[in-house]
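Biologist: I have just been handed this one and have never looked at it before. Could you walk me through it, starting with the terms I will need?

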Amino acid sequence: MKKALATLAIVGAAASSVLALAPAASADSCARTNLTTGYRSWWSTAYKSSTSGCHDLNVVMADAPAASADSYVGFYVNSSGNWTVGTRGYVYIPDGTYAVNKYILVSDLSGGREFGVGALNNAGGAVTIAH
């Protein structure tokens with residue numbers, strides 16, 4: 001009886017850990033786009049994927065020119081057709097690669113919306129956005 005309960009506990013713990021990993025698996029299905037940052041504005045743009053598992057604009061790689069970090073802001077075209085700054089404002093991000101959901105620039109962006117990324121201090125930086 002004790003062995004049966006111990007086995008059930010192990011199986012339950014294993015099932016819980018698999019369920020906990022499920023959201024991360026959907027983040028792997030995010031579309032990824034490389035963009036060039038503008039100085040406090042966008043330089044290059046892309047369109048939010050309508051088919052990926054991501055709802056946000058996530059920085060998964062950042063490379064600021066002549067610096068080891070910068071602060072980045074997301075811009076997007078709103079439902080009125082106007083460019084809008086993301087409500088999170090500038091987010092400080094060191095150069096490097098990151099997991100999805102670590103650095104979110106715009107939350108819950110609708111599929112098909114145009115977006116870009118600006119940098120506070122430098123133009124011409126590189127970011128990869130998971131979206």
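Modeller: A strand here is a DSSP run of E with at least two residues, and the strands are numbered from the N terminus. With that in hand, Ser71 can be placed in strand β5. Please keep in mind throughout that this is a predicted model.

Biologist: Which elements make up the secondary structure of the protein?

Modeller: The protein has one helix and eleven strands, and reading from the N terminus the order is α-β-β-β-β-β-β-β-β-β-β-β. Of its 131 residues, 38% count as buried. If you take the contacts between residues at least 6 apart in sequence, 76% of them join residues at least 24 apart.

Biologist: Back to Ser71, then: what is its relative accessibility, and how does it count?

Modeller: Ser71 has a relative accessibility of 11%, and because the cut-off for buried is under 20%, Ser71 counts as buried. Leaving aside neighbours within four places in sequence, Ser71 is in contact with Tyr90, Val91, Tyr92, Gly118, Ala119 and Leu120.

Biologist: And where is Asp70?

Modeller: Asp70 is also placed in β5, which covers residues 69-77. Asp70 is buried yet has no salt bridge, the nearest side chain of opposite charge being Arg40 at 7.9 Å.

Biologist: Which side chain does Asp70 join in a polar contact?

Modeller: The side chain of Asn122 does this, with a polar contact of 3.1 Å to the side chain of Asp70. In addition, a polar atom of the Asp70 side chain lies 3.1 Å from the backbone nitrogen of Asn121. Beyond four places in sequence, the contacts of Asp70 include Ala64, Val91, Ile93 and Leu120.

Biologist: Leu120 keeps coming up. Is Leu120 found in a strand or in a loop?

Modeller: Leu120 sits in the loop between β10 and β11, and it is partly exposed, with a relative accessible area of 25%. Neighbours within four places aside, Leu120 is in contact with Tyr39, Arg40, Asp70, Ser71 and Tyr90. Leu120 and Ser41 are 79 residues apart in sequence, while their C-alpha atoms are 8.6 Å apart in space.

Biologist: New topic: how many disulfides does a search of the whole structure find?

Modeller: The search finds one disulfide, and it joins Cys30 to Cys54 with an S to S distance of 1.5 Å. The link is right-handed, with 65° about the S-S bond. It connects distant parts of the chain, 24 residues apart, with Cys30 in the loop between α1 (2-27) and β1 (32-36) and Cys54 in the loop between β3 (45-47) and β4 (57-63).

Biologist: Are Cys30 and Cys54 buried or exposed?

Modeller: Cys30 counts as buried at 7% relative accessibility, and Cys54 is buried as well, with a relative accessible area of 6%.

Biologist: Last thing, the nonpolar core. Which residues of the largest one touch the most other members?

Modeller: Those are Tyr72, Ile93, Leu105, Phe115 and Ile129, in a core of 20 residues. At least two residues of this core come from each of β4, β5, β7 (91-94), β9 (104-106), β10 (114-119) and β11 (126-130). There is also a second, separate core of five residues, which includes Cys54, Val60, Val100 and Ala130. As a general background, nonpolar side chains tend to be buried together in soluble globular proteins.

Technical notes. Residues are numbered from 1 along each chain as its sequence is written. This is a predicted model: local features need pLDDT of at least 70, side-chain atom pairs count only at pLDDT 80 or more; totals for chains, interfaces and linings use all residues. Side-chain values use heavy atoms; hydrogens and water are left out. Helices (H or I, at least four residues) and strands (E, at least two) are DSSP runs, numbered from the N terminus. Buried means under 20% relative accessible area, exposed over 50%, partly exposed in between (1.4 Å probe, protein chains only). Lys and Arg count as positive and Asp and Glu as negative; His and the chain ends are not counted. A salt bridge is a side-chain nitrogen of Lys or Arg within 4 Å of a carboxyl oxygen of Asp or Glu. A polar contact is a pair of N or O atoms within 3.5 Å; within protein, one must be able to donate a hydrogen and the other to accept it, and residues adjacent in sequence count only if both atoms are side-chain atoms. Contact means heavy atoms within 4.5 Å. A disulfide is a pair of cysteine sulfur atoms within 2.5 Å. A nonpolar core is a set of buried Ala, Val, Leu, Ile, Met, Phe, Trp, Tyr and Cys residues joined through side-chain atoms within 4.5 Å.
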